[in-house]
Structure formats: structure tokens, C-alpha cells
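Visitor: Got a minute to walk me through this one? I'd like to go through the strands, the helices and the metal site.

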Amino acid sequence: MAEVLPDAATLEIKLNTKPQTVRVSEPHLSQNGKQVIRSYRGWPAVQVLDLLLGAHWRAPGVEVEFRALDGYVSRIPSERFLKFEAFLTYEHVGHRRFVVDNLEQNERDVALGPYYLVWNNIRHPELLPEGGTYWPYQVKQILSSTAFKTALLPPGLPASLSGSAAIAQKYCLSCHKVNGFGGDKWPGNLALQARQFQADDFVRWVISPGAVKPGTTMPGLPISLPQVERERLAQLLHGYLTQVPVSPESAVK
Ligand code: HEC
């Protein structure tokens with residue numbers, strides 16, 4: 001069940017805990033090894049998850065999904081919250097506006113509210129190299145799920161393809177869905193949509209959508225990966241998406 005996050009005043013009453021201040025190295029502002037420290041106000045994520053999802057989110061193999069206003073979905077393995085300290089924040093301490101510049105994506109004044117998940121990367125400096133991965137902003141809903149397994153590894157999937165399911169999740173399913181599992185940026189079942197493409201056309205599209213359809217908003221596989229690696233991933237994705245059994249209830253293209 002998806003839980004809509006209440007506003008901060010309501011959350012404070014439900015948690016019966018005052019919000020805390022956490023100092024972090026802000027990954028969206030820290031570039032070229034230069035750290036920008038910011039203080040945010042909020043609650044330890046585990047407290048919010050316990051309150052809204054109950055204790056079962058803590059089980060191994062469960063993922064916590066953070067859903068943003070624009071349909072963007074960020075999935076974070078539950079183990080990570082038990083290992084590292086995260087806060088669900090609603091305020092940039094000392095500032096009226098709750099915004100950040102996203103230097104990497106060249107965006108100014110990106111709204112962070114209603115909630116922004118931040119990690120205590122000062123206490124856990126091993127998180128610093130990860131940058132903004134797992135720092136979803138504009139979060140309005142959370143849920144815990146084992147849907148990954150049900151949707152992406154259904155019975156009948158050749159075992160050799162199960163590794164490619166994780167590749168699809170990592171690169172594609174923040175926007176697309178497979179068997180009902182994934183983001184809301186593009187409708188339909190990607191497993192069926194992929195079947196409309198010849199392998200070559202699919203690879204070309206996934207590596208460089210803009211070259212196939214100028215002006216498209218779909219990003220290609222990260223340009224930071226070597227070309228051969230992008231081709232390899234695209235082939236694996238094609239193999240997986242065209243062979244994963246399609247569940248009857250999501251057999252809508
Ligand atoms: C940031 C969101 C986003 C991500 C990530 C993304 N896509 Fe897309 N995708 C889109 C959008 C938007 C469209 C529609 C593009 C258009 O028609 O201009 C699309 C279209 C497609 C289509 C054609 C769909 C159809 O209706 O026929 C395929 C196939 C596809 N994407 C595959 C992928 C694969 C494979 C990945 C992962 C490597 C991926 N996409 C990652 C947003 C995304």
C-alpha cells in the first residue's frame with residue numbers, strides 16, 4: 001500500500017518526536033571534490049518508515065519506494081536504512097525556501113519539498129562517492145514492496161536472464177513499467193513495447209534516443225559508460241524484455 005506522507009506538522013504529532021537537524025555534504029552542490037555542507041531539518045527515516053509502513057519494511061529483500069510529485073520513483077533496499085543513517089527532511093535550516101541547485105543537471109532552484117531524503121554522509125563518508133543516487137526529492141509517497149520479484153522475475157523466466165532484470169530496474173524502470181512494476185513517466189508495459197523493435201533498432205534507440213527521435217525526453221544509457229558497455233547492456237535489455245513472461249493483468253501495451 002502506498003502511503004501519502006502527511007505534512008510536517010501532522011508528521012510531528014504522529015511521531016510524537018521533535019524534528020532534528022542533520023548536517024550533510026549536499027551532493028547536488030558538491031563538485032570536483034569540493035564539499036558544500038548544509039543543514040536540513042526532519043526525522044530519522046527509519047522512524048517514519050516504521051510509523052507509516054509497519055515493521056515489515058525491515059525484512060531482507062524488501063525495497064522502499066519513494067515516489068515524487070512528477071511520477072519519478074526511487075527504490076532503495078531496506079538493508080541500506082539499517083546500515084546508514086538517513087533523514088526525511090522538509091526544511092533547509094535557516095532558509096525560507098527549500099530548494100537546491102542541481103549542478104550536474106544544470107538546474108537552478110529545484111524544489112525539494114514536500115520531502116527530501118538525505119543521508120548522513122558526514123558520519124558515513126563512504127557514501128560520498130555515490131553523489132545524489134538515493135537522494136530522492138519532491139517525495140510525496142512511500143511504500144515497501146517485494147513487487148520487483150513478482151513482476152520482474154516471474155515463473156517461466158529463463159534463469160540466465162534474471163541478472164538483466166536488475167539492469168532494467170537500474171536504468172529503465174524509474175520511468176517505465178514491466179508487468180506493472182516501475183515508474184509512471186511512460187505508460188504501458190515495456191516488455192511488450194520492446195517486442196515491437198528489431199534488436200538493432202532497439203539498441204540504437206536505447207543508446208541514443210535523441211539521434212533516432214530528435215527532441216525526445218527519454219535519456220539514453222549513461223554517456224559516462226564506454227560505448228561497448230552501452231551496447232552490451234542494450235543487448236541484454238532487449239533479450240530480457242522480449243523474453244520475460246508478460247503477466248495477463250498488465251498485458252496492455
Ligand atoms: C527518464 C525517463 C526514462 C528512462 C530512464 C527511460 N525511458 Fe524509455 N521512454 C521514455 C519516454 C518519455 C518515452 C517516449 C519517448 C518519445 O516517444 O519521445 C520512452 C520510450 C521508450 C520506448 C518506446 C516505447 C513505445 O511506446 O513504443 C522504449 C522501447 C523505451 N523507451 C525503452 C527504454 C529502455 C530499455 C530504458 C532503459 C535503458 C528506458 N527506456 C529508459 C522515458 C524514459
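Visitor: Let's start with β7 and β8. In which sense do they pair, and over how many bridges?
Guide: Strand β7 (residues 99–102) and strand β8 (residues 107–111) are antiparallel, with three bridges between them. Bear in mind that this is a predicted model.

Visitor: Which residue in β8 is the bridge partner of Val99?
Guide: Val99 is partnered by Ala111.

Visitor: What do β7 and β8 form, and how many residues are between them?
Guide: They make a hairpin with four residues in between. Asn106, in the turn, has a positive phi of about 60 degrees.

Visitor: OK, on to sheets. What's the strand order in the one with β2?
Guide: That one is an open sheet of four strands, ordered β2-β3-β6-β9, and the pairing is antiparallel. β2 (20–25) and β9 (116–119) are the edge strands, each pairing on one side only. On average, neighbouring strands in this sheet are turned by 55 degrees against each other, direction ignored.

Visitor: How many bridges between β3 and β6?
Guide: Five, in the antiparallel sense, between β3 (residues 37–44) and β6 (residues 86–92). One residue pair to look at is Tyr40 and its bridge partner in β6, His92.

Visitor: And which strands does α2 lie across?
Guide: α2 lies across β3, β6 and β9, at about 30 degrees to β3. Helix α2 (residues 45–53) also lies across β1, β4 and β10 (139–145), and there it runs at about 70 degrees to β10.

Visitor: What's the order of the sheet with β1 and β10 in it?
Guide: β1-β10-β4-β5, an open sheet of four strands with antiparallel pairing. Its edges are β1 (3–4) and β5 (73–77), each pairing on one side only.

Visitor: How many bridges join β4 to β5?
Guide: Strand β4 (residues 63–68) is joined to β5 by five bridges, and the two run antiparallel. Glu65 stands opposite Arg75 in β5.

Visitor: Is that Arg75 buried or exposed?
Guide: Buried: its relative accessible area is 9%.

Visitor: Huh. What is Arg75 in contact with, neighbours within four places aside?
Guide: Glu63, Val64, Glu65, Tyr134, Gln169, Leu173, Phe181, Gly182 and Gly183. As for Pro136, 61 residues from Arg75 along the chain, the two C-alpha atoms are separated by 9.3 Å.

Visitor: Gln169 is in α5, right? Which residues of α5 are buried?
Guide: Yes, Gln169 is one of the buried residues of α5, along with Ser164, Ala165, Ile167 and Ala168. They pack against β4, β5, α4 (147–152), β12 (181–182) and α9.

Visitor: Same thing for α7: which residues are buried there?
Guide: In helix α7 (residues 199–207), Phe202, Val203, Trp205, Val206 and Ile207 are buried. Their cover includes α6 (190–194), α8 and α9.

Visitor: Switching to the metal. What are the protein donors of the iron atom?
Guide: NE2 of His176 and SD of Met218 are the protein donors of the ligand's iron atom, and they lie 1.9 to 2.1 Å from it.

Visitor: Where do those two lie in the chain?
Guide: His176 lies in the loop between α5 (162–171) and β11 (177–178), while Met218 lies in the loop between α8 (209–212) and α9 (227–243). So the pair ties together parts that are 42 residues apart in sequence.

Visitor: Why is the arrangement around the iron octahedral?
Guide: Because the six donor atoms around the iron of the ligand subtend angles of 87 to 178 degrees. For reference, the ideal angles with six octahedral donors are 90 or 180 degrees.

Visitor: And how buried or exposed are the two donor residues, His176 and Met218?
Guide: His176 is buried, at 13% relative accessible area. Met218 counts as partly exposed, at 24%.

Visitor: Last topic, the whole protein. How many helices and strands?
Guide: Nine helices and 12 strands. The radius of gyration is 19 Å, close to the 18 Å that the globule rule gives for 253 residues, so the protein is as compact as a globular protein of that length. Its C-alpha atoms fill a box of roughly 55 × 40 × 30 Å along the principal axes.

Visitor: What share of the residues is buried?
Guide: Buried residues are 45% of the 253. And of the contacts with a separation of 6 or more, 66% come from residues 24 or more positions apart.

Note on methods:
Residues numbered from 1 in each chain as written. Predicted model: local features only at pLDDT ≥ 70, side-chain atom pairs only at ≥ 80, totals over all residues. Heavy atoms only, no water. Donors = N, O, S within 2.8 Å, 3.2 Å for Na, K, Ca; no water. Tetrahedral: all angles 85-135°; square planar, octahedral: opposite > 155°, others 65-115°. Buried < 20%, exposed > 50% of the residue type's maximum accessible area, 1.4 Å probe, protein only. Pairing = 2+ DSSP bridges. Contact = heavy atoms within 4.5 Å. Axes fitted to C-alpha atoms, helices over the stretch in contact; angles between N-to-C directions. Rg over C-alpha atoms; globule rule 2.2 N^0.38 Å.
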